[in-house]
Amino acid sequence: MLAAMPRPSATPHNQGETPIGDAPGAAPRDPVVRDRGDACPGALRLHQADDGNLARLRLPGGILTIRQVHALATAAERYADGHLTLTSRGNAELRGIAAPHATALAELLRLTGLMPSETHERVRNIVASPLAGLDGRGHDGAHATARLRALDALLCAQDWTTALSGRFLFALDDGRGDVAGLGADVTLLAQERETVVVRVGASALRVAASDAPRAALEAARAFLEAAAGTGAWRVRDLPPDHAVDLASALARAGIPATPAPVPNGQQTTPAPPPGIVASPDGTYALVVAPALGRVSAARLRALPGPGGEVRITPWRGFVVPGFDGPGARARLRELDDAGFTTRPDAPWAGVGACTGRPGCAKALADVRRDALPGTGGLPVHWSGCERRCGHPHGDWVDVTATAEGHYTVTVRGVRGVPDAPDAQEQQLPLGEGELADAVARARGGRAQAYGTGTGTTTR
Ligand code: SF4
């Protein structure tokens with residue numbers, strides 16, 4: 001029997017996330033043939049998890065008004081377990097919902113604009129650069145939010161879009177290269193001179209920025225055409241002879257397009273680190289994160305600032321804009337006191353975990369209890385099984401529970417491994433006693449040195 005590792009004293013637990021990708025490092029997938037629709041939960045289609053019903057709320061771009069922030073806090077307190085869980089798509093989940101509360105929850109979401117369409121609520125999967133328009137980077141920050149709203153409106157206005165699965169993802173990157181690497185099915189990557197590259201699968205075309213939302217919609221329609229009869233939920237599920245014909249789709253819609261190099265699909269700009277971000281207009285935004293992406297209703301209510309909105313990031317954090325300098329520093333201190341991660345070297349910065357036990361029936365361990373704080377370096381994600389739900393993209397450290405009662409620690413991604421884009425994978429089952437050390441060394445990027453550490457699950 002292996003000894004238990006020391007536990008962090010105040011680790012929140014039972015957080016839920018969406019599986020967003022294949023097991024890292026897996027060989028290219030065979031085409032997927034399915035004979036059923038996807039079972040992705042939504043605001044109306046609750047998922048029966050082991051800790052009660054779960055609602056997943058699609059929040060395009062993660063953008064919330066202050067009223068909506070307070071509505072989510074109220075929903076968490078009245079109808080769920082008092083917490084909001086952030087996902088790797090900038091969405092949110094409520095857990096532990098008693099069945100009789102489902103109707104009242106839906107009504108609250110409707111009244112506050114959090115569910116503008118009952119029929120389309122599960123297809124509003126749109127991630128966007130969370131600092132767009134706030135820090136002077138990117139190509140067209142001023143228009144990024146308008147583009148997001150336009151795509152959301154188009155998605156909700158068409159009957160056929162309900163045929164998209166609840167997993168189909170759009171990414172709107174303002175040109176900085178942060179969300180373009182998150183594995184979306186359709187990516188809009190803003191360019192100079194008011195153009196946008198539309199990428200779907202191995203195709204990329206340049207369109208006028210004003211046509212970009214419609215081009216994204218047509219790319220999704222072309223995916224559905226290519227997917228007919230295959231059961232594919234996502235572009236990567238398509239058989240090789242069912243490629244998406246983006247050029248024909250845009251031509252049919254009357255959208256002028258020219259060839260563009262296919263972006264490499266890597267995240268070229270990392271997640272914004274916790275702290276204060278200066279804007280060219282003289283205001284400041286805060287970047288903060290709750291430990292392991294789970295926030296209480298009370299802490300949620302403490303977030304809003306004078307900017308009138310809060311943005312959830314795909315890295316399970318928040319961006320809060322609109323402060324002056326002293327106000328930003330003061331609020332950052334308050335949020336630090338309230339338990340948010342507010343600086344890059346904070347113990348929980350870059351540490352994530354899936355739901356694990358007891359919320360997930362597939363879990364082999366209570367990963368949220370076992371997860372350890374760190375001292376920076378590569379992002380680390382603790383998973384209760386090999387599905388690795390919600391794992392990061394790019395370079396990251398994978399800590400996964402095994403059926404034998406161990407964790408494996410693996411460096412994933414491309415760092416330091418030329419010509420091997422999915423390499424740097426050494427899974428070494430760990431023994432007893434040195435898990436924290438192994439994880440720390442892996443986060444430091446010393447991939448060849450991490451395997452000597454040891455650890456165990458705590459079942
Ligand atoms: S235990 Fe497995 S299936 Fe459950 S949330 Fe974690 S990674 Fe996903």
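**A tour from strand 20 outward**

Visitor: How many of the 6 residues of strand 20 are buried?
Guide: Strand 20 covers residues 407–412 of this predicted model,. It is largely enclosed by the rest of the structure, because the buried count takes in 6 of the 6 residues.

Visitor: Which residues are buried on each side of strand 20?
Guide: Both faces of the strand are covered. One side carries Y407, V409 and V411. On the other side, the buried residues are T408, T410 and R412.

Visitor: Strand 19 and strand 20 pair, but in what sense, and over how many bridges?
Guide: Strand 19 is the run of residues 396–401. V397 sits opposite V411 of strand 20. The sense of the pairing is antiparallel, and the count of bridges is 6.

Visitor: Strand 19 and strand 20 form a hairpin; which residue in the turn has a positive phi?
Guide: There are 5 residues between the two strands of the hairpin. One residue in that turn has a positive phi of about 95°, and that is G405.

Visitor: Moving to helix 4, how far does it reach from its first C-alpha to its last?
Guide: Helix 4 is made of 16 residues, 212–227. At 1.5 Å a residue, the expected reach is 22 Å. The model comes close to that, with a reach of 22 Å.

Visitor: How many residues of helix 4 are buried?
Guide: Among the buried residues are A212, P213, L217, E218 and F223. What covers the buried part includes helix 3 (141–157), strand 9 (195–200) and helix 5 (246–252). The helix is mostly covered, and out of its 16 residues the buried count is 12.

Visitor: Which residue with a positive phi follows helix 4?
Guide: Go past the end of the helix and look for a phi near 85°. The residue there is G229.

Visitor: How are the rings of F168 and F170 arranged as a pair?
Guide: A search of the whole structure turns up 4 aromatic pairs. For F168 and F170, the ring centres are 5.5 Å apart and the planes meet at 70°. An angle over 60 degrees is what counts here, so this pair is edge-to-face.

Visitor: Are F168 and F170 buried or exposed?
Guide: The cut-off for buried is under 20% relative accessible area. F168 has 1% relative accessibility, and F170 has 0%. Both values fall under the cut-off, so F168 and F170 count as buried.

Visitor: How many residues apart are F318 and F340, which also pair?
Guide: F318 and F340 make an edge-to-face pair, 6.4 Å centre to centre with 75° between the planes. F318 belongs to strand 16 (residues 318–323), while F340 is in the loop between helix 7 (325–337) and strand 17 (351–353). Both rings' residues are buried. The pair links distant parts of the chain, and the separation in residues is 22.

Visitor: Which residues do ring pairs link into a cluster?
Guide: F223, one of the buried residues of helix 4, is a member of the cluster. Ring pairs tie together F168, F170 and F223.

Visitor: Which residues does a cis peptide bond join?
Guide: The omega to look for is about 0°. P358, in the loop between strand 17 and helix 8 (367–370), is one partner. The cis bond joins R357 and P358.

Visitor: Is R193 buried or exposed?
Guide: R193 lies in the loop between strand 8 and strand 9. Its phi is near 55°, a positive value in a residue other than glycine. The relative accessibility is 74%, so R193 counts as exposed.

Visitor: And R316, buried or exposed?
Guide: R316 is not a glycine either, yet its phi is positive at about 60°. It sits in the loop between strand 15 (309–312) and strand 16. With 10% relative accessibility, R316 counts as buried.

Visitor: What distance separates the C-alpha atoms of Q68 and T112?
Guide: Q68 lies in helix 1 (residues 66–79) and is buried, with a relative accessible area of 11%. Leaving aside neighbours within four places in sequence, Q68 is in contact with I63, T112, G113 and L114. Q68 and T112 are 44 residues apart along the chain, and their C-alpha separation is 6.1 Å.

Visitor: Last stop: how do the residues of the shell around the ligand divide?
Guide: The ligand is surrounded by residues including C354, C360, K362, G384, R387 and C389. By class, the shell divides into 5 nonpolar, 2 polar and 3 charged.

Terms used: Residues are numbered from 1 along each chain as its sequence is written. This is a predicted model: local features need pLDDT of at least 70, side-chain atom pairs count only at pLDDT 80 or more; totals for chains, interfaces and linings use all residues. Side-chain values use heavy atoms; hydrogens and water are left out. A residue is near a molecule or strand if one of its heavy atoms lies within 4 Å of it. Ala, Val, Leu, Ile, Met, Phe, Trp, Tyr, Cys and Pro count as nonpolar, Asp, Glu, Lys and Arg as charged, and the others, Gly among them, as polar. Buried means under 20% relative accessible area, exposed over 50%, partly exposed in between (1.4 Å probe, protein chains only). Helices (H or I, at least four residues) and strands (E, at least two) are DSSP runs, numbered from the N terminus. Two strands pair if DSSP finds at least two bridges between them. The expected span of a helix is 1.5 Å times one less than its number of residues. Contact means heavy atoms within 4.5 Å. Rings of Phe, Tyr and Trp (its six-membered ring) pair if their centres lie within 6.5 Å; planes under 30 degrees apart count as stacked, over 60 as edge-to-face and the rest as tilted.
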